[in-house]
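Thanks for sharing this one. Below are a few friendly notes to read with the model open beside you.

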Amino acid sequence: MTEQIKSIIQTPNANQGGELEAVDGMTPLDVVVRILNNQLSYLMCVDEKAEEFSSRIQRIASQVSAADCELMGPKF
């Protein structure tokens, strides 16, 4: 499980250009800040996509509801 968590953390860091090792002149704190910034960027992207999917689902749900009302026709 620990290896899976490491892999999950390292994937966004690698995709975002984050490096786990200090570059010349970087303190350990700089490295941590860089990693956290990468993680935040990744999470913001995930949140944005989740919002898009939520909007799409709501649109589809409203279209289905409208279609159901049309199929049922007027009630007497």
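1. Let me start with valine 33, which sits in helix α2, the helix covering residues 28-72. Please keep in mind as you read that this is a predicted model. Valine 33 has a relative accessibility of 40%, so it counts as partly exposed; the partly exposed class runs between the 20% and 50% cut-offs.

2. Valine 33 also has company at the surface. Together with Leu29, Val32 and Leu36, Val33 forms a nonpolar surface patch, and the four share about 360 Å² of accessible area. If you colour the surface by residue type, these are the side chains to pick out.

3. Now for the whole chain. The chain has two helices and zero strands. Of its 76 residues, 9% are buried. The accessible surface amounts to about 6,600 Å², and carbon and sulfur atoms account for 61% of that.

4. Is isoleucine 35 buried or exposed? Isoleucine 35 is also a helix α2 residue, and its relative accessibility is 18%. Because buried means under 20%, this residue falls in the buried class. Isoleucine 35 can also be paired with glutamine 10: the two are 25 residues apart in sequence, while their C-alpha atoms are 9.4 Å apart in space.

5. Tyrosine 42 makes a good companion case. This residue also belongs to helix α2, but with 33% relative accessibility tyrosine 42 counts as partly exposed. Along the chain, tyrosine 42 and threonine 11 are 31 residues apart, and 10.0 Å separates their C-alpha atoms.

6. How many salt bridges does the structure hold? There is one. It joins the side chains of lysine 49 and glutamate 52, with an N to O distance of 3.9 Å. That value falls inside the cut-off used here, which asks for a nitrogen within 4 Å of a carboxyl oxygen. Side chains of opposite charge can pair when their charged atoms come close.

7. Why are the two partners of that bridge about one helical turn apart? Lysine 49 and glutamate 52 are three residues apart in helix α2, and that spacing is why about one turn separates them. As for their surroundings, lysine 49 is partly exposed at 39% relative accessibility, and glutamate 52 is partly exposed too, with a relative accessible area of 31%.

8. For a quick tour on screen, I would begin at the nonpolar patch of Leu29, Val32, Val33 and Leu36, go on to buried isoleucine 35 and partly exposed tyrosine 42, and end at the salt bridge between lysine 49 and glutamate 52.

Definitions and conventions: Residues are numbered from 1 along each chain as its sequence is written. This is a predicted model: local features need pLDDT of at least 70, side-chain atom pairs count only at pLDDT 80 or more; totals for chains, interfaces and linings use all residues. Side-chain values use heavy atoms; hydrogens and water are left out. Patches are made of residues with over 30% relative accessible area and no salt bridge: like charges are joined within 9 Å, nonpolar side chains (Val, Leu, Ile, Met, Phe, Trp, Tyr) within 5 Å. Accessible areas come from the Shrake-Rupley method with a 1.4 Å probe; for residues, only the protein chains shown count as cover. Helices (H or I, at least four residues) and strands (E, at least two) are DSSP runs, numbered from the N terminus. Buried means under 20% relative accessible area, exposed over 50%, partly exposed in between (1.4 Å probe, protein chains only).
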